[in-house]
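The following paragraphs guide a new reader through one structure, moving from its strands to its helices and then to its charged pairs. The reader may wish to keep the sequence and the 3D view at hand.

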Amino acid sequence: MSSRRDPDRARAAGPVAGPVAVLVVTWNSARVLPEFLASLPEGMAGLDWRLVVADNDSADDTVDVVRSLAPGATVVQTGRNAGYAAGVNAALEAAAGWEGGFRAALVCNPDVRMRRGCAALLVDALDAPLSGGRRVGISVPLLYEEDGTLQHSLRRESRVTRALGEAVIGNRRAGRFPRWSELVTDPAAYERATVADWATGALMALSRDCLDACGTWDESFFLYSEETEYCLRAGDRGFATRLEPAARAVHLGGDSQVSPRLWTLLTLNRVRLYGRRHGAAATAAFRGAVLLRETSRAALGRPASRAAARALASPSALRATPGP
């Protein structure tokens, strides 16, 4: 079926079982929520859907905003800043309690603004058969900055050679070559339905079968790498992550510069995840390659890389579960 047909008719081909669960994790998100909630009817056009908001103990008016502007939403208050994966799991548990369940889940950040019919195209892309007996278990859209710049959201699985390529020539330049970068920057990859090892998690649709096979998100990753781990785990179980280029959304968070604390968390979790999937020798080599990258960027005066390099050099940095 063509992904470019009218989104209002995207699901007309056959019966569905339950609504699509729209899962949003919030933490002090009151500023971005009103526009997100106002954009949902357009973004979800053509689908039966219900909203679940899992709030991680916001100190602002996040919960009041949801209850005022989306009174039909299910609100789950975790009672603590539990992390993104824990929020997703809390929202999934709430949706699982609906009578009749749900047919697919749409995990999205509150700073995402879907274009009309985006979600229907993503859901329509799920379960498509692929070579090798695999199916599409996770579908993602094209993501744009507010100014219309395309975000490079597709990724390859981490390897030592890719970490070295990024350290030596930079991830954007190296991204054109599969051997040398985790980031996919080839323009052609964003013009077709491209299968990737994983994709940034600002907005992704997950099939019911994929969710059932993979189970809960890994809460040991407080922030960053949780979507990476889930996509790779799905791939291990025969469910691919694929771009649906007809589906489009704006991501306000985009490629904005993160703080030294958050960049350190991102970097450490990247190495921790690699260590989960590889032996000690390979992990030491990968950690060294990432340390080279951060050290070289710290020498250019980047505070975030300086903080990450210090953390990577610490023998105990990867033992504890890092979090804010």
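In this predicted model, strand E8 (residues 195–196) and strand E11 run antiparallel and are joined by two bridges. Within this pairing, Ala-196 stands opposite Thr-241 of E11. Strand E11 has other partners as well. Strand E5 (residues 112–114) pairs with E11 in the antiparallel sense over three bridges, and here Arg-113 is set opposite Val-250 in E11. Strand E6 (residues 135–144), by contrast, runs parallel to E11, and eight bridges join the two. Arg-135 has Phe-239 as its bridge partner in E11.

How many of the 13 residues of strand E11 are buried? Eleven of them are, so this strand, which spans residues 239–251, is largely enclosed by the rest of the structure. The loop between helix H8 (226–236) and E11 contains Arg-237. Arg-237 has a relative accessibility of 42% and therefore counts as partly exposed, since that class lies between the buried limit of 20% and the exposed limit of 50%. Leaving aside residues up to four places away in sequence, Arg-237 touches Ala-213 and Cys-214. Between Arg-237 and Ala-70 there are 36 Å from C-alpha to C-alpha, and the two are 167 residues apart in sequence.

Attention now turns to helix H5 and its surroundings. The buried residues of H5 are Arg-162, Ala-163, Gly-165, Glu-166 and Ala-167. Their cover includes helix H6 (171–174), helix H9 (260–277) and helix H10 (280–298). Another part of the helix contributes to the surface: Leu-164, Val-168, Ile-169 and Leu-292 make a nonpolar surface patch of about 330 Å². Helix H5 (residues 160–169) gives the most to this patch, with three residues. Leu-164 lies in H5 and is partly exposed, with a relative accessible area of 34%. Just after the helix, Gly-170 takes a positive phi of about 90°.

The charged side chains complete the picture. Side chains of opposite charge can pair when their charged atoms come close. The count in this model comes to 13 salt bridges. One of them joins Arg-116 to Glu-42, with the closest N and O atoms 3.2 Å apart. This pair links distant parts of the chain, 74 residues apart: Arg-116 is in the loop between E5 and helix H4 (118–125), and Glu-42 is in helix H1 (residues 33–43). Arg-116 is partly exposed at a relative accessible area of 41%, and Glu-42 is partly exposed at 42%.

A salt bridge within a single helix is formed by Arg-208 and Asp-212, at 2.8 Å from N to O. Both residues lie in helix H7 (residues 208–214), four residues apart, which is about one turn of the helix. An α-helix has 3.6 residues a turn, so residues three or four places apart point the same way. Arg-208 is partly exposed at 28% relative accessible area, whereas Asp-212 counts as exposed at 51%.

Asp-218 forms a salt bridge with Arg-276, the closest N and O atoms being 2.8 Å apart. Because Asp-218 lies in the loop between H7 and H8 and Arg-276 in helix H9, the pair ties together parts that are 58 residues apart in sequence. Asp-218 is buried, with a relative accessible area of 18%, while Arg-276 is partly exposed at 44%. Finally, Glu-166, Glu-182, Arg-270, Arg-293 and Glu-294 are joined into one network by salt bridges that share partners.

Conventions:
Residues numbered from 1 in each chain as written. Predicted model: local features only at pLDDT ≥ 70, side-chain atom pairs only at ≥ 80, totals over all residues. Heavy atoms only, no water. Patch = residues over 30% accessible without salt bridge, like charges linked within 9 Å, V, L, I, M, F, W, Y side chains within 5 Å. Areas by Shrake-Rupley, 256 points an atom, 1.4 Å probe, with all protein chains shown as cover. Salt bridge = Lys/Arg side-chain N within 4 Å of Asp/Glu carboxyl O. Buried < 20%, exposed > 50% of the residue type's maximum accessible area, 1.4 Å probe, protein only. Contact = heavy atoms within 4.5 Å. Pairing = 2+ DSSP bridges.
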